[in-house]
Amino acid sequence: MSQDATTPDQTPAPGHPAGPAPERRRTRGQRVRRGILLGSLVLLLAFGGTGWWAYSHLSGNIDSVDLDQAIGVDNRPPKVVANAQNILVLGSDSRAGANADLDHGDVSGARSDTAMLVHIPEGRSRATAVSIPRDTLITRPECKDKDGGTVPTANRVMFNSVYSLAGPACVVKTVEQLSGIRVDHFVEVDFAGFKGLVDALGGVTVTLDKPMSGAKGGLRLDAGTHRLNGTDSLRFVRTRYGYGDGSDLGRIGLQQRFMLAMLAEVKKQDALGNPARLYKLADAGTKSLTTDSGLASLTALSDFARSMKGVDPATMETIMMPVAYDKVDPNRVIVAEPQAGALWEALRTDQKIPASAKTSPATG
């Protein structure tokens with residue numbers, strides 16, 4: 001038999017390609033397409049699942065309070081300028097959980113260690129932050145406590161005691177009664193949340209014109225510029241006796257200075273425009289965050305943050321609510337009139353704040 005002869009069982013049928021190769025090619029092609037489809041599906045599920053996990057994780061970190069339900073719609077001041085925003089920022093001194101490792105003081109419960117009413121005028125290109133001294137004697141309105149019970153009104157109580165007795169919604173109600181301004185949102189961060197935010201930024205740079213002595217366990221710093229980590233930043237904003245006149249009013253100046261430095265750091269790093277850094281900030285911040293129900297999701301917080309991108313920390317104005325020393329107890333202060341009234345009226349109506357409303361009879 002010659003070499004090029006073909007045996008009967010090797011002879012292809014007329015009009016058909018040779019042998020089983022076409023079936024093998026179809027099977028291989030199908031496998032490749034199926035593999036690509038399956039791989040794409042796995043990647044889609046992986047990335048989609050990761051995104052959903054991250055969203056759920058961060059949103060689940062946030063505690064919230066429905067202000068209208070807690071305060072009562074009819075018990076709140078009307079909104080005067082529709083597009084202006086007023087945000088009450090609270091710093092809690094709770095020692096619960098991770099906070100205990102950051103402050104070992106033998107203090108039960110929690111108080112509003114820091115309180116700032118931040119006013120963002122219509123157009124959202126600038127902002128004014130008004131600090132309310134924690135030692136201010138005020139009239140506390142009737143409020144509901146966290147268990148739904150009634151906390152009666154009281155005169156001449158310290159402002160920072162309202163939080164420990166009746167919670168953040170009562171602090172909002174107290175500020176609204178004090179100022180006549182409708183609080184659109186509130187944000188509360190505790191020690192651990194504050195430390196986490198600073199560390200997520202990689203620290204915050206502050207400059208002192210005179211040394212901080214470190215009195216009573218405070219932070220010791222020379223005059224000049226310093227890069228502070230989260231723990232030292234917390235000690236910085238809580239320093240009282242080691243800087244200035246040692247008063248709570250003097251501490252407010254440090255807190256406002258640090259807030260501006262921190263906002264400047266966020267802007268410098270473009271933290272809101274960098275997804276990885278934004279996630280790190282959000283994860284750190286939301287772990288110890290309580291807000292009103294209108295901000296109680298990652299989507300709502302992100303939308304609100306984006307709406308505030310036009311506010312430049314360099315033009316942000318910081319003011320202390322005008323106060324005077326109490327005549328009965330000089331260790332306490334009271335709201336100074338007519339200065340405070342003029343300040344609140346200007347913010348309420350989105351007008352320029354008169355110079356007289358920015359000065360306080362009590363120094364610090």
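Q: What share of the protein's contacts with a separation of 6 or more comes from residues 24 or more positions apart?
A: This is a predicted model, and the contacts here are the ones with a separation of 6 or more. Within that set, residues 24 or more positions apart account for 68%.

Q: How many helices and strands does the protein have, and what percentage of its residues is buried?
A: The predicted model has ten helices and 17 strands. Out of 364 residues, the buried ones make up 44%.

Q: Is helix α4 largely enclosed or not, and why?
A: Helix α4 covers residues 168-179, and its twelve residues should span 16 Å at 1.5 Å a residue, which agrees with end C-alpha atoms 16 Å apart. Its buried residues include Cys-170, Val-171, Val-172 and Val-175, and also Lys-173 and Glu-176. Because ten of the twelve residues of α4 are buried, the rest of the structure leaves this helix largely enclosed.

Q: Which residue just after α4 has a positive phi, and which cavity does that residue help line?
A: Just after α4, the residue with a positive phi, about 75 degrees, is Gly-180. Gly-180 also turns up in a lining that includes Ile-181, Arg-182, Pro-78 and Leu-347. That lining belongs to the largest cavity.

Q: What is the volume of the largest cavity?
A: The count comes to two cavities of 30 Å³ or more. For the largest cavity, the lining residues divide into six nonpolar, two polar and three charged, with Lys-79, Arg-182 and Arg-348 among them. The volume of the largest cavity is about 70 Å³.

Q: Which elements give two or more residues to the lining of the second largest cavity?
A: The second largest cavity holds about 50 Å³ of space. Among its lining residues are Asp-113, Thr-114, Ala-115, Asp-248, Ile-252 and Gln-255. Matched to elements, the ones that give two or more residues are β3 (112-120) and α7 (248-268).

Q: How does the lining of the second largest cavity split by class?
A: Take Ile-132 and Pro-133, which line this cavity along with Ser-131 and Arg-134. By class, the whole lining comes out as four nonpolar, three polar and three charged residues.

Q: Which residues touch the most other members of the largest nonpolar core?
A: Leu-88 has contacts with Val-171, Val-172 and Val-175, among others, once residues up to four places away in sequence are set aside. Val-171 and Val-175 are also on the list of buried residues of α4. In this core of 40 residues, those that touch the most other members are Leu-88, Val-171, Val-175, Leu-343 and Trp-344. Apart from it lies another core of 39 residues, including Met-116, Val-204, Leu-219 and Leu-221.

Q: Is Arg-257 buried or partly exposed, and why?
A: Arg-257 sits in helix α7. Beyond its neighbours within four places in sequence, it is in contact with Thr-207, Leu-208, Asp-209 and Tyr-243. Because its relative accessibility is 31%, Arg-257 counts as partly exposed.

Q: What distance separates the C-alpha atoms of Arg-257 and Val-237?
A: Along the chain, Arg-257 and Val-237 are 20 residues apart. In space, their C-alpha atoms are separated by 9.0 Å.

Q: Which residues of α8 are buried?
A: Helix α8 takes in residues 275-286, and its twelve residues reach 16 Å from first C-alpha to last, close to the 16 Å expected at 1.5 Å a residue. Its buried residues are Leu-281, Ala-282, Asp-283, Ala-284, Gly-285 and Thr-286.

Terms used: Residues numbered from 1 in each chain as written. Predicted model: local features only at pLDDT ≥ 70, side-chain atom pairs only at ≥ 80, totals over all residues. Heavy atoms only, no water. 1 Å grid on protein atoms, 1.4 Å probe; cavity = no way out; pocket = protein on both sides within 12 Å on 5 of 7 lines; lining within 4 Å. Points joined across faces, edges and corners; volume = space filled by probe spheres on them. Nonpolar A, V, L, I, M, F, W, Y, C, P; charged D, E, K, R; others polar. Helix = DSSP H or I, 4+ residues; strand = E, 2+ residues; numbered from the N terminus. Core = buried A, V, L, I, M, F, W, Y, C linked by side-chain atoms within 4.5 Å. Buried < 20%, exposed > 50% of the residue type's maximum accessible area, 1.4 Å probe, protein only. Contact = heavy atoms within 4.5 Å. Expected span 1.5 Å × (residues − 1).
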